[in-house]
Amino acid sequence: PNGEDPSALTEAIGDDAMAASDYGIENLKRIIENLPDWTFQEGEDFDNLEELYNNVAGQWNRYTGHVLVNVGGVVQTRKRQGQDGAIFEMVPADKQARAVDYLNRQVFATPEWMLDTDILSRITGSGVPDQIRGRQVFALNGLLNVDRMKRLVEQEAFHGSDAYGLGDMLDDTREGVWAEAAAGRATDAYRRNLQRAFLDRMAELMADEEALQTDIAPFVRGQLVTLRRTLQGAIGRTSHQPTVLHYRDAVARIDAVLDPDG
């Protein structure tokens, strides 16, 4: 999903991956609800149920890839000399913003509909949370990818305020991934895992040679400073102990990145 042309995807439906994927997720939810009934065969084991559940999870993941490629996306139109119009055009800013909004809603928010205990208690003793976290983190790292971020910097350099800039993407992502902190709500284990992965990725970016030579490093530092302030304010606003401990830990991790010698 680190490609840059959303029109070049092999199986994307139509030209709006966000609308198509939202629609697709509604269908996947209906499938999950009905899977135990559809796969029921007296006396049989649950291999069929497991295979179909994994197919649904795989499809959810493919939608993520279709959406991700819009962020920092560039659409190529084949043209000959003498034909009007640009060959390479950035994906419009509002479409890029909607792609990040989709990721916040359908990927980074805990996908409760996939955590169907009726199904999971029959096909696995453990491991599904790790599998879901793995896919969420894959999407997060794909979004916070150096090449993608460099394209956002470049698009803003070319198009100014018409572009969906790196700052826009990072603000939208941070606000989505850390929404509970701003709202004073408790976190669940999935979100805490994802939020730790966000901090890990930010730490990697602050140590990345390529990122350090571009606008990426100062933007990431700015995000961490803002997030630290939000977290310090959030610590006193919730009584949910795992969340409070998690926020304190997050502040300590941010301090270690911002001031490694401190």
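This is a short tour of the chain, from the whole fold to one helix and then the core.

Before you start, note that the model is predicted: local features need pLDDT of at least 70, side-chain atom pairs count only at pLDDT 80 or more, and totals for chains, interfaces and linings use all residues. Residues are numbered from 1 along each chain as its sequence is written, and side-chain values use heavy atoms, without hydrogens and water.

Begin with the whole chain in cartoon view. It has 12 helices and 2 strands, taken from DSSP runs (helices H or I, at least four residues; strands E, at least two) and numbered from the N terminus. From that end the order is α-α-β-β-α-α-α-α-α-α-α-α-α-α. Of the 262 residues, 44% count as buried, meaning under 20% relative accessible area with a 1.4 Å probe, protein chains only.

Next, select helix α1, residues 17–38, and look for a kink of about 30 degrees at I32, shortly before P36. The bend is the angle between axes fitted to the seven residues ending there and the seven starting there. At the N-terminal end of α1, D16 acts as a cap, with a side-chain oxygen 3.0 Å from the backbone nitrogen of M18.

Now colour the buried residues of α1, among them M18, I25, L28, I32 and P36. Their cover includes α2 (47–68), α3 (93–108) and α4 (117–123).

Finally, show M149. Leaving aside neighbours within four places in sequence, M149 is in contact (heavy atoms within 4.5 Å) with L143, L144, L166, M169, L170, L205, I216 and V220.

Technical notes. Buried < 20%, exposed > 50% of the residue type's maximum accessible area, 1.4 Å probe, protein only. Polar contact = N/O pair within 3.5 Å; in protein donor to acceptor, adjacent residues only side chain to side chain.
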